[in-house]
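Hi everyone, thanks for making time. I'd like to walk you through one model today, so please have the viewer open.

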Amino acid sequence: IYTLSLHTLFRSVETGKTYHLKVEVSGTKVKCYVDDELYVDYDTASYAEAESYQVVSSDENDLIIKLINVTEEARTIAVDISGNISGSAKAYQLSGESLDDINSIEDENIIEIKEIELGDLNGKFNYTVPKCSATVIRIQK
């Protein structure tokens with residue numbers, strides 16, 4: 001998984017300015033553009049056979065867990081975060097019926113973001129991610 005942050009691309013991001021973002025995917029190649037300038041040219045071939053992916057990061061307030069399921073079945077993932085982490089948590093989930101689902105001008109609600117209150121979580125828990133989905137879990141520190 002390659003994470004792209006505007007803050008890593010620019011020295012500053014202007015509040016109120018609109019940026020044109022474009023992502024092109026062809027086979028295992030991913031190209032990301034900001035205002036028509038290429039910033040990422042990445043080959044995901046080493047990840048091509050994976051069924052799920054995860055990334056853990058944090059910001060000033062939250063521990064952030066990103067879970068991706070590219071299969072046609074829900075997957076339960078065991079989360080084990082070392083350290084004394086516990087706090088109120090929310091999940092933000094995008095999922096579809098198939099990997100081919102896409103929003104369009106005609107139907108912009110095929111894939112919608114769903115906010116889920118998870119209550120208090122500690123450093124070890126199981127989370128079931130739906131088929132064809134991306135989930136971000138934010139646990140307050």
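Before we start, one cut-off we'll need: a residue counts as buried under 20% relative accessible area, as exposed over 50%, and as partly exposed in between. Take Lys90 as a trial case: its relative accessibility is 28%, so Lys90 counts as partly exposed. Keep that scale in mind, as we'll come back to it.

Now, this is a predicted model, so let's look at confidence. The mean pLDDT of the protein is 81, and 85% of its residues reach 70 or more. Among the elements, strand 10, residues 133–140, has the highest mean pLDDT, at 91, while helix 1, residues 6–9, has the lowest, at 48. Over residues 1–8 the pLDDT is below 50, and beyond near neighbours in sequence that stretch has 15 contacts in the model. Where pLDDT is low, the predicted coordinates should not be read in detail.

On to the sheets. One is an open sheet of three strands, in the order 1-2-3, with antiparallel pairing. Its edge strands are strand 1 (21–26) and strand 3 (37–43), each pairing on one side only. Neighbouring strands here are turned by 15° against each other on average, direction ignored. Strand 1 pairs with strand 2, residues 29–34, over six bridges in the antiparallel sense. If you want a landmark, find Val23: its bridge partner in strand 2 is Cys32.

There is also an open sheet of five strands, antiparallel again, in the order 4-5-10-7-8. At its edges sit strand 4 (52–58) and strand 8 (113–121), each pairing on one side only. Its twist averages 15° from one strand to the next.

Let's spend a moment on strand 10. Which strands does strand 10 run antiparallel to? Strand 5, residues 62–69, is joined to strand 10 by eight bridges, and strand 7 is joined to strand 10 by seven. As landmarks, Leu67 has Thr135 as its bridge partner, and Ala91 stands opposite Ile137.

In a regular strand the side chains alternate between the two faces of the sheet. You can follow this along strand 10: Ser133, Thr135, Ile137 and Ile139 point to one face and are buried, whereas Ala134, Val136, Arg138 and Gln140 point to the other and are not.

Arg138 leads us nicely to the salt bridges, of which the structure holds eight. The side chains of Arg138 and Asp59 meet in one of them, at 2.4 Å from N to O. Asp59 lies in the loop between strand 4 and strand 5 and Arg138 in strand 10, so this pair ties together parts that are 79 residues apart in sequence. Arg138 is partly exposed, at 26% relative accessible area, and so is Asp59, at 31%. Asp59, Asp62 and Arg138 are linked in a network of salt bridges.

Now back to Lys90. Its side chain meets that of Glu115 in a salt bridge of 3.1 Å, N to O. Lys90 lies in strand 7 and Glu115 in strand 8, so the two tie together parts that are 25 residues apart in sequence. Those strands, 7 and 8, pair in the antiparallel sense over eight bridges. Glu115 is partly exposed too, with a relative accessible area of 49%.

One last pair: Lys131 forms a salt bridge with Glu97, the closest N and O atoms being 3.3 Å apart. Is Glu97 buried or exposed? At 57% relative accessible area, Glu97 is exposed, while Lys131, at 25%, is partly exposed.

That's my tour; over to you.

Key
Residues numbered from 1 in each chain as written. Predicted model: local features only at pLDDT ≥ 70, side-chain atom pairs only at ≥ 80, totals over all residues. Heavy atoms only, no water. Pairing = 2+ DSSP bridges. Helix = DSSP H or I, 4+ residues; strand = E, 2+ residues; numbered from the N terminus. Axes fitted to C-alpha atoms, helices over the stretch in contact; angles between N-to-C directions. pLDDT = per-residue confidence, 0-100. Contact = heavy atoms within 4.5 Å. Buried < 20%, exposed > 50% of the residue type's maximum accessible area, 1.4 Å probe, protein only. Salt bridge = Lys/Arg side-chain N within 4 Å of Asp/Glu carboxyl O.
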